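Thank you for asking me to look through this model before you take it to the bench. My remarks follow as numbered points, arranged by region.

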Amino acid sequence: MRKTLIATTIASALLLSACSSQNDADTKEQTTQVQTANVDNVLMKPSPLQYMAPEFDKFGTSDYEPAFDAGIAQQKAQITAIANNPAPATFKNTLVELELSGELLDRVSTAFYNLSGLISNDEYQRIAAKMAPVLSAHSDDIYLNKALFSRVETINGNKAKLNAEDQRLVEFYYTKFVNAGAKLDEAQKAKMREINAELAKLSTAFSQNVLKSFKEDVVLVTDKSELAGLSDAEIASLAAAAKKAGKEGYMITLVNTTQQPILSSLENRKLRERIFKASTTRAQNTNGPIIIKETNLRAQKAALLGYKNWASYVMTTRMAKTTENVYGILDDLAPKAVNKAKAEAAEIQKVIDASGETFTVQPWDWAFYSEKVRQAKYDLDPALVKPYFEMQSVIHNGLFFAMEKLYGITFKERKDLPLYHEDVMAFEVFNADGSSIGLFYMDPYAREGKRGGAWMSAYVSQSGLKGTKPVIYNAQNIPKPADGQPTLMTFDEVTTMFHEFGHAAHGLFSDVKYPSLAGTATARDFVEFPSQANEDWNIEPTVLANYAKHYKTGEPIPKELLDKVLESQNFNQGFGTTEYLAAALLDMEWHSFGVDKKITDVQKFEHDALEKHGIAYYPVPPRYKSCYFSHTFAGGYSAGYYAYLWTEVFAADAFAHMTKQGGLTRDNGDSFRKEILSKGNSRDLMQSYIEFRGQKPTTDALLKRRGLVK
C-alpha cells in the first residue's frame, strides 16, 4: 500500500498553514516562546546536512514536544500577520505567505509522524495521543479563521489573471477552506472543532491499537512438528523472533492483511485455522467501538457541511466526483470477480477431495490448496523461485537498473548520512547529466515498532518556492532472515518494491513551485497510478534477465521456471479481485449513511454490507476487516480505498500504451516523467494523463491484466 504522508489527524497542519485570531500580546508571547526554545534541539532549525536530510542521530523523543510547541507558536504568529495584514489581499501576500509559513512545525511533524510508523514505542504513542487534538485544533485555526478566509475568497474571485499553476493553488486553498467549514456560522464552527478534535483522538487510538496488535496478537507454536511445510530458514526465523520477544518456541507475527502469507505453506490445518482466526478477530474489542464513533462523527461532519454522508463529502476532492461513479465500477466488477473466485474454489476443492480429505474449502485452506493448484497448473514450486530474487540483486540489478533505463537516473549509496535504524539504506539520486535529484532511503525489513504494510513518504518535499529538493523513503515489511542468511524475496515482495518506488519516483521527480501541490499531494484516486504503473517493469524481459539470478551460483533463472512465474501472474485473480472489492465496498458502506443511522454491531454491519453487494463469499473474506482496516479508519483513505482499482485502470492503460511505443525506453520514461510524475497536483489530473497518453484511459487493459476477460 501507499501510506504516502503523515497521519491524517495532522495532515492539514502539515500541508497548510495554520491561523489564529490572537491579540498582539499573545503574538509577542508566542514569538518569545520560539526565540527561547531549547537551542540544543536540532529540530528547531533546518538540518545542515545535504538536502536538509534529518539528523537522525541528534534528536530523540524528548525533543519532539518542545519543538511542536515552538512550531505551533511560530506558525500562529505568522498566520496572524497574514490574516490581519491591512493591505488588500493578493496572491503573494496571502497564499504565497501561507505556503512559506510553518517551516518549524512542518519539520518536526514530518520527523515525528514518519518515525512513529517506523520505530514506534510507548513514548511515540504517548506523544501521538497528546498531539492529535492539539494539531487538530491548530488546523481548525487555519480553516475557520474568518479574516483569513475572507482574503482567500477575494483572491479566488480574482484568479482569472493568474497563471495556470497559481490558479491551481488558489483553487486548492479555496476548496480546503470551504470543505473545512469556513462558510459555517460561529456555532457550527464550534461544533466542527469538537468533531475534529474527537476524530483526531479516535484515529490515533485506532492506529495505536493496530500497532499494539502486531505485538500482542501473535501465534506461538511450541511443537516444531506443527510447522511442517516451512523451510529450515523460515523455522529458524520464527524461533529467532520468539527469542527476541522473550518467548519459548516459534512466534508467528501477523501481517496487516486478513490472509497471512504463511498459510500457503503450513500443512497443519488446525494451525492454519488458528492463525486465520487470530488475524480476523484482532483488535475487535478495542477498535470496534472506535469505528462506530468515528463513522458517526464523520457523518455528523458531512451533514454540518451540507452533504448527505461522508462519502459524498469526500468525493468533492476526488477524480471519481460522485459515489455513484465509485459504486458503479465496484458493483460492475463484483459479480465477475466472485464468479471467477467460485471457479477457483472448485479447482481447489478437487485437490482437497483427491487428497482423501472430506472438508469443504474454508478461508484458512485457500492459500495452502491454491498453491497446490498453482504448482499443478504451472509446475511451480515457490521454494525453487525465491533463490533467484535475492534482495540486493532485486534492488540494484532490478529496480535501479530499470529506473536507469527508463529515466536515466543513477543511485549512489550514502553511508556517511545518519540513519534511524541499522536496516536502512540511503542513496543519492542523480539525473543522466549528473545533476542531483535528491535522497532516497529504503527500509525493507519488518520489526517490532514498525507498522504493517508498505508505503512511501517524504522527509523533505520538493518546492521551487522554497528551493528544496526531495528526501524520500520507502518502507516494506519483508521478514528479516536469521543472521548470515540472504534475504530471498517472494515475487509479490519484488512487485511491492517496484510499486513503492513508483511513489518514490512521483516524489523525486516533482518539479512544481508550491509545496501544497508537489509530488504525491494529489487526489487519492490518482496517487496510486504512478506506483501501479511502475509495477510492470519488474517483469520486463531485459530487467528480469538482469536481476533474477541465483544468489549462490549467479545463474539466471531458467527460462522454463521464469515462464511459469510469468504465466502464473493471472492465477487466483478471482480471489485477489474479490477480497479487494469486498474491502473497498466495506469502506464505502461505512461512509455512505447519514447521522440518523445507528450502528451497534460491527460484524453484523460488515456481513450486511457484503450481502448487499453480492460479495459475501465466505471462503474469500475482505482483504481487511473493519477492526484492522487502517487505510480507512486511520490512514486517510476513508471512502477512498476504491482508489487502488480506479488507478489500476490508468496504470494498465498506460503500460499497454508504453508497450506499443517500445516498452522500456527513455522516450517513454521521459514522457511519463514530464507529463505525470513532475506535475504533482499543479494542473488538472485527467489533463495530465491526456497529455501523456493522448486520450482518457479505458478499462480494456485492466480486464485483461486481471484475467477477467480473454
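1. Which side-chain oxygen reaches to within 3.2 Å of the backbone nitrogen of Glu 165 at the start of H8? In this predicted model, the oxygen belongs to the side chain of Asn 163. At the other end, just after H8, Gly 181 takes a positive phi of about 110°.

2. The length of helix H8 can be checked against its residue count: its 17 residues, 164–180, should span 24 Å at 1.5 Å a residue, and the end C-alpha atoms are 24 Å apart, which agrees. The buried residues of this helix include the aromatic side chains Phe 172, Tyr 173, Tyr 174 and Phe 177, and also Asp 166, Arg 168 and Asn 179. Leu 169, Val 170 and Ala 180 are likewise among the buried residues of H8.

3. As to confidence, the mean pLDDT of the protein chain is 92, and 94% of its residues reach 70 or more. Over residues 1–27, however, the pLDDT is below 50, although this stretch has 99 contacts in the model beyond near neighbours in sequence.

4. The next feature is a sheet, which is open, has five strands in the order S3-S4-S5-S7-S6, and shows mixed pairing. Strand S3 (410–413) and strand S6 (455–460) stand at the edges with a single partner strand each, so one side of each is left without a neighbour in the sheet. From one strand to the next, the twist averages 30°.

5. Strand S7 (residues 471–478) has partners of both kinds, since S6 and S7 pair in the antiparallel sense over five bridges, while strand S5 (residues 436–445) and S7 pair in the parallel sense over six bridges. Tyr 473 in S7 shows this in a single residue, with Ser 457 standing opposite Tyr 473 and Tyr 441 also standing opposite Tyr 473. Seven of the eight residues of S7 are buried, so this strand is largely enclosed by the rest of the structure.

6. What packs on the sheet, touching S6 and S7? The element is helix H5 (residues 103–115), whose direction makes about 150° with that of S6.

7. Ala 89 lies in the loop between helix H3 (61–83) and helix H4 (91–100). Its relative accessible area is 23%, and because buried means under 20% and exposed over 50%, Ala 89 counts as partly exposed. Apart from neighbours within four places in sequence, Ala 89 is in contact with Thr 94, Arg 151, Thr 154 and Ile 155. Ala 89 and Leu 271 are 182 residues apart in sequence, and their C-alpha atoms are 66 Å apart in space.

8. Two alanines deserve a second look for their backbone angles, given that most residues other than glycine have a negative phi. Ala 283, in the loop between helix H11 (269–281) and helix H12 (284–304), has a positive phi near 60°. Ala 639, in the loop between helix H24 (630–633) and helix H25 (643–660), also has a positive phi, of about 50°.

9. Are these two alanines buried or exposed? Ala 283 counts as buried at 10% relative accessibility, and Ala 639 counts as buried at 0%, because the cut-off for a buried residue is under 20% relative accessible area.

Notes: Residues are numbered from 1 along each chain as its sequence is written. This is a predicted model: local features need pLDDT of at least 70, side-chain atom pairs count only at pLDDT 80 or more; totals for chains, interfaces and linings use all residues. Side-chain values use heavy atoms; hydrogens and water are left out. Helices (H or I, at least four residues) and strands (E, at least two) are DSSP runs, numbered from the N terminus. The expected span of a helix is 1.5 Å times one less than its number of residues. Buried means under 20% relative accessible area, exposed over 50%, partly exposed in between (1.4 Å probe, protein chains only). A polar contact is a pair of N or O atoms within 3.5 Å; within protein, one must be able to donate a hydrogen and the other to accept it, and residues adjacent in sequence count only if both atoms are side-chain atoms. Two strands pair if DSSP finds at least two bridges between them. Axes are lines fitted to C-alpha atoms, for helices over the stretch in contact, and angles run from 0 to 180 degrees between N-to-C directions. Contact means heavy atoms within 4.5 Å. pLDDT is the predictor's confidence in each residue, from 0 to 100.
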